[in-house]
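Reader: I am new to this one and would like a guided look around. Could you take me through it step by step?

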Amino acid sequence: MNKLIFANLTHRPVRTLLSVLAIAVEVTMILTLVGVSHGTLDSTAARARGVGADIVVRPPNSTVVSALSSAPMSDKLIGVLMQQPHVALATGTVIQGLTFPDSITGLDFATFNKMNGGFTYLSGGDPVNEDDITVDQYYAQHRHLRVGDTLRLVNRDWRVSGIFEGGKLANICVKLSALQAITGSPGHLSQIYVKLDDSKWTDAVVAELKTKMPGYPIYSMEELTSMLSINNIGMLKDFIWVVITVAVIVGFIVVFLAMYTAVLERTREIGILKAVGGSSGLVLELLLRETMLLALLGSVLGIALTYGTQWLMKMLVPPPLVQETVYYWWPIAGGIAVVGSMLGVVVPGVKAVQQDVTEALSYE
Amino acid sequence: MSEGVMGAVGAGRVAALAEPIIQVRGLTKIYHVGDVEVHALRGSNLEIARGEFVAIVGASGSGKSTLFHILGGLTPPTAGTVVIDGKDLARMSNQERTELRKTTVGFVFQKYNLLPTLSAEDNIKIVEYIGGRPTAFTPEFVEVLHLLGIADRMKHKPRALSGGQQQRVAIARGIVNNPAILLADEPTGNLDSQNSAAVLAVLKDLNERTGQTILMITHDPEAASYASRTVHIRDGRIV
């Protein structure tokens, strides 16, 4: 039986290869999308954690996942926050969106450095002048930047003062005052990071701040990062399901066409199997096992191709879009490919089962 | 297979010669082609004893292929009774007819009907697999392969075999599960005279040595001469 399945698949190698490839693309498509979603959110969460703050205060009417591209909060809030019990340090940032998915962050480097020890520089250092800019190694690599190079962003030229290890706060940083001036929001902030004298007070201080600053979304860092998941971003979740549905349809169509053609082509062979005592169940089993093998081969190839897309993402797409390998999605994507393929073999399978033996044997 | 083994099996079968293995009474088959009724068989009667080698001879369109398909459980009769090895075919469901093909009847077709993607050996073994038997050839069956002259051609795919060799593989496939009856439909129809003679000699030898019941459909009187009995069919009736 297995020999017959392999023989059937190798009998038409191009058709088999194309079917496997199409299923592989289906799997790669799913895993790449899921990988980019997870990778981008995880790297955002990691950068947020890298700030070293315990609490984040965001502008009224913002959500945890909304893009911060304005500075509606007064920087006087820093002083207010610093007076609260257990608050050791508070620092604000301004975020200005660039071409998606980039953004530039203005920060008070002195306070930021006190909060977490500052960036670890691979070359250069913190901005000194108002037109200095510092970027992480991924952005520098993608844009081929070195210290001293000029980088044009938000309609002005910046001098690269340093290239730091990624994973902390943002990819592109300038002095707070410089970005406030450019964006026309002097004295205003996009969000505020708060560090406590002891993290054990986080929940208590969050609760206290919520009562004192009604309307301001205030999160513990743990809460903020845990909320950065696909399930909390409705549109992303919906988008993933749309892609999965498209992938299942693609898999269905490919397998349907491949197996339908195979059943037509093998009409006589199916007749022979039935003539020598093969039941309809055996014929169906043969097609199902053949399809299952195609789906499994396609899934394995699809997973392998995901490493290719990961490499392409790294080479061609700038951070913060990062593709992760999400291992627990391997069986899910494989399962989706199998389901799509099995749906595709239903009609050819029924056709094969219903074939009349004598007619099939006279098929030329 | 050795003379001793073959002889013993053959003697057992020959002893049961009088017992009918195929009984056909009033067999009728009507095909519907659009609104037209085509009477392929018109109340045919036939009785074949266990161990016989019978040739059914008739011209094209006489109904012999329809008779072959009905006796093989490939298609149901319209009316009449067909008892094969004690089982009434007319009362059988599709599933039961499948079981009959698996256990009781072996086929040899004019066009060989070997699976082109499998080797000769696997073409035979898949029938063993379908029959629920171990897919390893017994020493006795290996001797049958030698008798058929194809023991050294087992690894070849059908396209690498001559027509005569393919037909002998088909014969081996037809008998591998020890069916009670071997049905052969124009087994020499696609062969030259030399290969035809060889295949017919193999069938005759098989019948004589093992007592295998063989029912051969043919339009060729010379082929029919290899059988122990010849039955003629004309216009859907056995005459």
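Reader: Where should we begin, and how many residues of chain B are in contact with chain A?

Author: Let's begin where the two chains meet, keeping in mind that this is a predicted model. Chain A brings 17 residues to the contact. On the side of chain B, the number in contact is 17.

Reader: Which element of chain A gives the largest share of the side that touches chain B?

Author: Helix 1 (2-11), helix 10 (267-275) and helix 13 (357-361) of chain A each give two or more residues to that side. By type, the residues there divide into 9 nonpolar, 6 polar and 2 charged. The largest share is 5 residues, and the element it comes from is helix 1 of chain A.

Reader: How many Å separate the centres of the two domains of chain A?

Author: Domain 1 of chain A is made of two stretches, 2-42 and 233-361, while domain 2 covers 59-216. Taken over C-alpha atoms, their centres are separated by 46 Å.

Reader: Now for chain B: what radius of gyration does it have, and what would a compact globule have?

Author: Chain B holds 8 helices and 10 strands, and its C-alpha atoms fill a box of roughly 50 × 40 × 35 Å along the principal axes. Buried residues make up 49% of its 239 residues. A compact globule with 239 residues would have a radius of gyration near 18 Å, which agrees with the value for chain B, 17 Å.

Reader: Which strands stand at the edges of the open sheet in chain B, and why is one side of each left without a neighbour?

Author: The sheet has 4 strands in the order 2-1-4-5, with antiparallel pairing. Each edge strand has a single partner strand, so one of its sides has no neighbour in the sheet. The edge strands of chain B are strand 2 (36-49) and strand 5 (87-88).

Reader: Within that sheet, which residue of strand 4 is the bridge partner of B:Gln23?

Author: Strand 1 (residues 20-33) and strand 4 (residues 79-84) of chain B pair in the antiparallel sense, over 5 bridges. In strand 4, the bridge partner of B:Gln23 is B:Val83.

Reader: What does B:Asp85 count as: buried, exposed or partly exposed?

Author: B:Asp85 sits in the loop between strand 4 and strand 5 of chain B. Leaving out residues up to four places away in sequence, B:Asp85 touches B:Ile21, B:Thr104 and B:Ala180. Being buried takes 20 or more C-beta neighbours within 10 Å, and being exposed takes 12 or fewer. B:Asp85 has 18 inside 10 Å, so this residue counts as partly exposed.

Reader: Where do the buried residues of helix 5 of chain B lie around its axis?

Author: The buried residues of helix 5 (residues 139-148) of chain B are B:Val144, B:Leu145 and B:Leu148. An α-helix has 3.6 residues a turn, so residues three or four places apart point the same way. The buried residues of helix 5 of chain B cover an arc of only 100°, which puts them on the same side of the helix.

Reader: Which exposed residues are on the face of helix 5 of chain B turned away from its buried side?

Author: What covers the buried residues of helix 5 includes helix 6 (163-175) and helix 7 (193-210) of chain B. Just after helix 5, B:Gly149 takes a positive phi of about 75°. The face turned away from the buried side carries the exposed residues B:Pro139 and B:His146.

Terms used:
Residues numbered from 1 in each chain as written. Chains lettered and ligands numbered in written order. Predicted model: local features only at pLDDT ≥ 70, side-chain atom pairs only at ≥ 80, totals over all residues. Pairing = 2+ DSSP bridges. Rg over C-alpha atoms; globule rule 2.2 N^0.38 Å. Contact = placed C-beta atoms within 7 Å. Nonpolar A, V, L, I, M, F, W, Y, C, P; charged D, E, K, R; others polar. Domains from an automatic or database assignment. Arc of directions from axis to C-beta.
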